[in-house]
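Subject: Structure handover

Hi,

Here is the structure I promised to pass on to you. Please open it alongside this message, and read my notes with the chain in view.

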Amino acid sequence: PPQTQKHTAPAIASLNFPAMHEIDVHDLSDDADYAASVQQGSASMNRSNSRKQGSSGEQEGAEIVYVKDNVAIHPTQYASERISGRLKLIKQGGSLFMTWIPYKGQSSSARLSEKDKSLYTIRAVPFSDVRSIRRHTPTLGWQYVIVVLSSGLAFPPLYFYNGGVREFLATIKQHAYLVRSADDANVFLVNDFQDPLQRTLSSLELPRAVSVTNSPSSAAAPSESPSSWTDGETFDRNSALAQQNARFARETTSQLFGEAQGDGFITNDRRKHDGKTHDYPRIAESNDAQKLPEDVPVPADPLEFDKLSLVWGKPRQPPLGTEEWSAFLDSEGRVTDSEAVRKRIFYGGVEPDLRKEVWRFLLGYHSYDSTYAEREYLVSVKKSEYETIKNQWKSISKEQAKRFTKFRERRGLIKKDVVRTDRSISFYEEDDSPNIKCLRDILLTYSFYNFDLGYCQGMSDLLSPILFVMGDESETFWCFVALMERLGPNFNRDQNGMHSQLFALSKLVELLDIPLHNYFEQKDCLNYFFCFRWVLIQFKREFEFEQTMRLWEVLWTHYGSEHLHLYVCVAILKRRRSKIIGEGMDFDTLLKFINELSGHIDLDAILRDAEALCICAGENGESCIPPGTPPSLPVNDASMYYQQDDDDVL
């Protein structure tokens, strides 16, 4: 999507649906009109349900209270790769459940197989484990909702191409406790029986939420076309699937960013909540659960590093020094061969004293063909521009701040994060360090520069090394802006940037290590959620501070591939494959194992392996990565967007 539309939902290139919106008769406003609209809607739904239940094999005691076809999920930024399906709300035994099942054979993209589509199946999620629902109504694009679990995990955004968001929310309110957030009219809190203020503030921190998907083996039945579905088949699931969703919600948020830096991504309130036992009611019994044999043979690796005659990655070289760098510049300061420079940095990195100058080029703050004079002028202009943006928030009075909820929230979150970012580094270790204050000021200024994206936890991790190297506040800011042009989608509310990268990673492992892929499939780990931290902040917490800077400058060269970080993920997994398979790791133990690798990864060896895997994968590897996947610049395609009217807005 265009950079100015960070939250805009991609629309469909061609639509055969009869209408963009359907007329919604429900209203969630808490007034007298609501009762009348509910009565009208209930009557309509009851008539519809009586017809459906009379002609289907619905589970006894289960009642379908809402059905909507053509609700889609976008696993990538390509509109053609949407996955359309049927969304249902089902009432059984006093509990409300949500399901979303993809259609079979409906995708227009050859890139997505039926197995790929089943990764996103949502089966019988009880609303007792839902914390909030956020509704998005972009100026361009289509309405969508994000369902967030109590722990902070979120399912992929559900796009309503035929309207129906209002009816969806109204139906939920009929059968569950649903209230609108006092601070954001687009956030609806579910089962909000705790302190209302605290729960409301938590619900607004959705960039922390990470998406949950099921693996192909999670599906109780294969996806079918709408015409051949029966409601009973759609609703069938076993209790193990509920346990899997609970596991994601419980374990991943507690371990995602570890305990090394205070609370990381997890608030204290969420930790308390995660301590409870998730006891999902059983919808249907099944004996399909598979157990791993005690003696697990580890399949041979088709790409054993030490056995190939192929040269597996060139040896690492000494870092680029000042004298060698000067040789790449002409008399006016232009870089004469940018590709040669990037190649040299790819294989050796940059000497610490030279990073301040070279990183400006790698990050795109300076162009390779700029002169000394042009760069000096740019620095002056950008410094003035930075001060102008910074003054926007510095000039906010206390009285204004009282009436500016979003500013107070972002400022408070930034203050909490910067004081626990890289405090083991002498540059940041003092409590009254001016560098911590500088981190805060830059992040606050960025939240005004890119107000749509704002601030999300994890951004301080990306900014810290840049400030350490650059020293200057203004130049650090603009280098960070350039980096976020590519990594910003990692922090979008709809999580499309992370979805596309984890999807691409799953396809790369399938291409480069089919035994490991098959094992992950058997263990319901094909969502690769255990790699989330690696991808989100570019391995920042997996290596020592100096090693992180070496890795980043290699990744920023985009030499060989823009997506070398995904091959780094594959390389790390391949080097641990025997242990992973041999010990029969399930999702819980795998996530713990991956997090404990921090500080125990050989960077030089992994970079050699990643390069080798990239070469080996070739064009097949690139075809696994959808265009626009971060850190590529977003795809600019005006045909992906359609104007949406406001008549479907709650």
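Below is what I found, going from the whole chain to the sheet, the cores and some helices.

Please keep in mind that this is a predicted model.

**The chain as a whole**

The protein chain contains 24 helices and nine strands. It has 650 residues, of which 59% count as buried. The exposed area comes to about 25800 Å², with carbon and sulfur atoms supplying 48% of it. If you take the contacts between residues at least 6 apart in sequence, 74% of them join residues at least 24 apart.

**The sheet**

There is an open sheet of nine strands, with antiparallel pairing and the order S4-S3-S2-S1-S7-S6-S5-S9-S8. Its edges are strand S4 (122–126) and strand S8 (178–180), each of which pairs on one side only. On average, neighbouring strands in this sheet are turned by 30 degrees against each other, direction ignored.

A good place to start looking is strand S1, which covers residues 62–73. S1 is largely enclosed by the rest of the structure, because nine of its twelve residues are buried. Its antiparallel pairing with strand S2 (residues 83–92) runs over nine bridges, and there Ala62 stands opposite Gln92. S1 also pairs with S7 in the antiparallel sense, over two bridges; in this pairing Ala72 stands opposite Tyr159.

From S7 (residues 158–160) you can step on to strand S6 (residues 144–149), since these strands are likewise joined by two bridges in the antiparallel sense. Here Val145 has Leu158 of S7 as its bridge partner.

**The cores**

The largest nonpolar core has 148 residues, and Phe168, Phe520, Phe530 and Leu573 have the most contacts inside it. A second, separate core is made up of eight residues, among them Ala72, Tyr144, Ala154 and Tyr161. In soluble globular proteins, nonpolar side chains tend to be buried together.

Which residues does Leu573 touch, not counting those up to four places away in sequence? The list is Val509, Leu516, Phe520, Tyr528, Phe530, Cys531, Trp534, Ile580 and Ile594. Two of these names, Phe520 and Phe530, also appear among the core residues with the most contacts.

**Helices H21 and H24**

Two packed helices are described by the angle between their axes and the distance between the axes. For helix H21 (residues 564–575) and helix H24 (residues 603–623), the axes come within 8 Å and cross at roughly 115 degrees. The crossing of H21 and H24 is right-handed. On the H21 side, the residues that meet H24 include Leu564, Tyr567, Val568 and Ala571. On the H24 side, those that meet H21 include Ala605, Ile606, Leu613, Cys614 and Gly621.

**Phe545**

One more residue to look up is Phe545, in helix H20 (residues 545–556). Is Phe545 buried or exposed? With a relative accessible area of 10%, Phe545 is buried, because the cut-off for buried is under 20%. Leaving aside neighbours within four places in sequence, Phe545 is in contact with Asp422, Ile425, Ser464, Pro465, Phe468 and Lys540. As for Ser424, its C-alpha atom is separated from that of Phe545 by 9.5 Å, while the two residues are 121 residues apart along the chain.

Enjoy looking through it!

Best wishes

Note on methods. Residues numbered from 1 in each chain as written. Predicted model: local features only at pLDDT ≥ 70, side-chain atom pairs only at ≥ 80, totals over all residues. Heavy atoms only, no water. Pairing = 2+ DSSP bridges. Helix = DSSP H or I, 4+ residues; strand = E, 2+ residues; numbered from the N terminus. Axes fitted to C-alpha atoms, helices over the stretch in contact; angles between N-to-C directions. Buried < 20%, exposed > 50% of the residue type's maximum accessible area, 1.4 Å probe, protein only. Contact = heavy atoms within 4.5 Å. Areas by Shrake-Rupley, 256 points an atom, 1.4 Å probe, with all protein chains shown as cover. Core = buried A, V, L, I, M, F, W, Y, C linked by side-chain atoms within 4.5 Å. Left-handed = near helix turned anticlockwise from the far one by under 90°.
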